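Reader: I would like to learn how to read a model such as this one, going step by step from single residues to the whole chain. Could you take me through it?

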Amino acid sequence: MLSGARCRLASALRGRRAPPSAVARRCLHASGSRPLADRGKKTEEPPRAFDPALLEFLVCPLSKKPLRYEASTNELINEELGIAYPIIDGIPNMIPQAARMTCQSKKQEEVEQR
């Protein structure tokens, strides 16, 4: 019963689409979204840099240990586990699956195997 009403409402709304109001345009502009007309134009924005002050609050999600910022590779490194989290557009990707193993951890594994 509810799904039938929902389908009728959705099909009615698809037919009539009002242009965005001035308030909606301002909200979209403030959020960083560009109107459809501007999407074709490419603007070169400089990449956002990572703020090292964030290191005071960020810890490794796996070990809960502090991280070290490596500017040359633009990564946050966990020395204990030997993993590095990438920083994309100034935002650290702290998902463990996105982290890569560092060379130091591989060397440690070789030493442990001997």
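**Reading the loops, the core and the chain**

Author: Let us begin in a loop of this predicted model: Asp 89 lies in the loop between strand 3 and strand 4 (91–92), and although Asp 89 is not a glycine, its phi is positive, at about 55°.

Reader: Is Asp 89 buried, partly exposed or exposed?

Author: Asp 89 has a relative accessible area of 47% and is therefore partly exposed, since the exposed class begins over 50%.

Reader: Which other loop residue has a positive phi, near 60°?

Author: That is Lys 64, again a residue other than glycine, and it sits in the loop between helix 2 (22–31) and strand 1 (68–70). Lys 64 counts as exposed because its relative accessibility is 56%.

Reader: How should I read the nonpolar core, and which residues make up the largest one?

Author: In soluble globular proteins, nonpolar side chains tend to be buried together. Here the largest nonpolar core has nine residues, namely Phe 50, Cys 60, Leu 67, Leu 76, Ile 83, Tyr 85, Ile 87, Met 94 and Ala 99. Strand 3 (residues 83–88) gives the most to this core, with three residues. Leu 76, leaving aside residues up to four places away in sequence, touches a number of others, among them Phe 50, Leu 67, Ile 83, Pro 92 and Met 94.

Reader: What pattern does the chain follow along the sequence?

Author: The pattern reads α-α-β-β-β-β-β-α, which comes to three helices and five strands. Of the 114 residues of the chain, 17% count as buried, and the chain exposes about 9600 Å², with carbon and sulfur atoms supplying 58% of it.

Methods. Residues are numbered from 1 along each chain as its sequence is written. This is a predicted model: local features need pLDDT of at least 70, side-chain atom pairs count only at pLDDT 80 or more; totals for chains, interfaces and linings use all residues. Side-chain values use heavy atoms; hydrogens and water are left out. A nonpolar core is a set of buried Ala, Val, Leu, Ile, Met, Phe, Trp, Tyr and Cys residues joined through side-chain atoms within 4.5 Å. Buried means under 20% relative accessible area, exposed over 50%, partly exposed in between (1.4 Å probe, protein chains only). Helices (H or I, at least four residues) and strands (E, at least two) are DSSP runs, numbered from the N terminus. Contact means heavy atoms within 4.5 Å. Accessible areas come from the Shrake-Rupley method with a 1.4 Å probe; for residues, only the protein chains shown count as cover.
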